[in-house]
Amino acid sequence: MKVAGLFAGVGGIELGLEQAGLTTSLLCEIDDRARAVLEHRFAGVRIEPDVRAITRLPRGIDLLTAGFPCQDLSQAGNTRGIFGRRSGLIRAVFQLITASRPPWILLENVPFLLRLDRGRGIAYVTRKLERLGYRWAYRIVNTQAFGIPHRRERVFLLASRTSDPASLLLTQDSLAPDAHAGPDVAHGFYWTEGTRGLGWAVDSVPTIKGGSGIGIPSPPAIWFPDGRFVTPDIRDAERLQGFPANWTRPAEAAGRPAHRWTLVGNAVSVPVARWIGRRLLGGTETKPVLRTVELSRTAPWPRAAFGGPGTRRHAVEIGAFPVSRARRHLHEFLRFDPPPLSHRAADGFQRRLLRSSLSRRTEFEDALAEYVSQRA
Ligand SMILES: C[S@@+](CC[C@H](N)C(=O)[O-])C[C@H]1O[C@@H](n2cnc3c(N)ncnc32)[C@H](O)[C@@H]1O
């Protein structure tokens, strides 16, 4: 199957699909630094800079992918919605779909797409697809399902003009692997937060993000049971997204090294795309979609659903873990020496936390106070 990857970023979707056996034929990405990574990692593949300038897909494309910009849709962003300046680029995707009618489409975005404005974003996407003759299915998938200690939920929508996408996307369901709670595990959190939330994650890092509440790309922090507060090395952040270490290093030739955090935070986790690629190439799944409930037009959008032209929509009771690979401990997963969280960062975080009404664990607060005082 030949893939055209729009909004390709550093190619998380396309790398995963290639690992499954698909071939990348076209990439499109506007950011110079991300494009520097694509040029290096997908040598020989045609790369276009702007989705709005592509009028047709090359001949023979089987799958169009688009992890379209989420800034207007995410809880951490400005919530302008599906027609915001950046997320509104989905319109350019639909112009291309209308012009070229690829057999398959894979879209990816943040789960808030299902809730913002009572799901106006997902309503728009599914309505457009249905009008163009596509059946669609979506579900939320968590990167932790693939054994990686990174809590990251994203919506993946698969649409097809020729087949039933629900039979590929919505027929595998597994239980979340047991969290390794206990005194000897590391915890992840966002040191840039502390007012509205912490992004607290047990034995994993919280969702690695492209931006932060304080306007700079920043890594999450990790609290080790021995009292250390650190941030992961960028190479481990790449691995936490399923990339090989140093995947984004070519970006340094085109911009500041810190921008790699934005690129990694914006990326799609490679193993999720690999799983979808395998489902696509696996061919004819005959298992029925599990636990479906007909969805009324006024019901809130569920975490998984399917529909198509002239058929009723159905919600599907399915979790975010299509598979459940054994999860490695966060401290065992990290391969590179993590730099300590700076004193300034820890101090600022502690002040925000003390002013907030967030519930938190006393051991954590004590360890943080100890860390701040040691380094003062
Ligand atoms: C959510 S990220 C996608 C990440 C990507 N799927 C990955 O795995 O790395 C959205 C991307 O869309 C790119 N973008 C924004 N506007 C664009 C445009 N007009 N044409 C092409 N790419 C654009 C951004 O630079 C960003 O890299």
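The exercises below work through a predicted model of a single chain, each with a solution in steps.

**Exercise 1. Describe the overall build of the chain, and decide how its radius of gyration relates to that of a compact globule.**

Step 1. Begin with the secondary structure, which comes to 11 helices and 14 strands.

Step 2. Turn next to the dimensions: along its principal axes, the C-alpha trace spans about 65 × 45 × 35 Å.

Step 3. For 376 residues a compact globule would be expected to have a radius of gyration near 21 Å, and because the chain has 21 Å, the two agree.

Step 4. Finally, look at the packing: buried residues account for 48% of the 376 residues, and of the contacts between residues at least 6 apart in sequence, 68% join residues at least 24 apart.

**Exercise 2. Work out which stretches of the chain form each domain, and which helices of domain 1 supply its side of the contact with domain 2.**

Step 1. Domain 1 is made of residues 2–176 together with 268–316, while domain 2 is made of 187–265 together with 329–375.

Step 2. Between the C-alpha centres of domain 1 and domain 2 the distance is 28 Å, and the contact draws on 21 residues from domain 1 and 23 residues from domain 2.

Step 3. On the side of domain 1 that touches domain 2, helix H1 (12–20), helix H2 (32–41) and helix H8 (270–281) each provide at least two residues, with the largest share, seven residues, coming from H2.

Step 4. By chemical character, this side of domain 1 divides into 10 nonpolar, six polar and five charged residues.

**Exercise 3. Explain how the buried residues of helix H3 are arranged around its axis, and identify what covers them.**

Step 1. Helix H3 runs over residues 90–100, and its buried residues are Ile90, Val93, Leu96 and Ile97.

Step 2. Viewed down the axis of H3, these buried residues fall within an arc of 115°, and they therefore line one face of the helix.

Step 3. The other side of H3 carries Thr98 and Ala99, which are exposed.

Step 4. The cover over the buried residues of H3 includes strand S1 (2–6), strand S4 (63–66), strand S5 (104–109) and helix H4 (120–131).

Step 5. Just after H3, the backbone of arginine 101 adopts a positive phi of about 45°.

**Exercise 4. Determine how many residues of helix H7 are buried, and what they pack against.**

Step 1. H7 spans residues 259–266 and is mostly covered, with seven of its eight residues buried.

Step 2. Those buried residues are Arg260, Trp261, Thr262, Leu263, Val264, Gly265 and Asn266.

Step 3. They pack against H2 and against helix H6 (234–240); H2 is also the helix that gives seven residues to the side of domain 1 touching domain 2.

**Exercise 5. For aspartate 117 and aspartate 203, both with positive phi, locate each residue and classify its burial.**

Step 1. As background, most residues other than glycine have a negative phi.

Step 2. Aspartate 117, whose phi is near 50°, is in the loop between S5 and H4, and aspartate 203, whose phi is near 55°, is in the loop between strand S9 (201–202) and strand S10 (221–223).

Step 3. A residue is buried if 20 or more other C-beta atoms lie within 10 Å of its own. Aspartate 117 has 15 such atoms and is therefore partly exposed, whereas aspartate 203 has 23 and is therefore buried.

**Exercise 6. Place phenylalanine 321 in the chain, and find which residues it contacts beyond its sequence neighbours.**

Step 1. Phenylalanine 321 belongs to the loop between strand S14 (314–316) and helix H9 (330–333), and with 19 C-beta neighbours inside 10 Å it counts as partly exposed.

Step 2. Phenylalanine 321 and serine 174 are 147 residues apart along the chain, yet their C-alpha atoms are separated by 5.4 Å.

Step 3. Leaving aside neighbours within four places in sequence, phenylalanine 321 is in contact with Asn142, Ala145, Ser174, Leu175 and Ala176.

**Exercise 7. Characterise the shell of residues around the ligand.**

Step 1. There are 22 residues around the ligand, and Phe7, Gly9, Gly12, Gly67 and Ala267 come nearest.

Step 2. The shell divides into 13 nonpolar, five polar and four charged residues.

Notes
Residues are numbered from 1 along each chain as its sequence is written. This is a predicted model: local features need pLDDT of at least 70, side-chain atom pairs count only at pLDDT 80 or more; totals for chains, interfaces and linings use all residues. A residue is buried if 20 or more other C-beta atoms lie within 10 Å of its own, exposed if 12 or fewer, and partly exposed in between; C-beta atoms are placed from the backbone. Helices (H or I, at least four residues) and strands (E, at least two) are DSSP runs, numbered from the N terminus. The arc is that of the directions from the helix axis to the C-beta atoms. Two residues are in contact if their C-beta atoms, placed from the backbone, lie within 7 Å. A residue is near a molecule or strand if its C-beta atom, placed from the backbone, lies within 6 Å of it. Ala, Val, Leu, Ile, Met, Phe, Trp, Tyr, Cys and Pro count as nonpolar, Asp, Glu, Lys and Arg as charged, and the others, Gly among them, as polar. The radius of gyration is taken over C-alpha atoms; the globule rule is 2.2 Å times the number of residues to the power 0.38. Domain bounds come from an automatic or database domain assignment.
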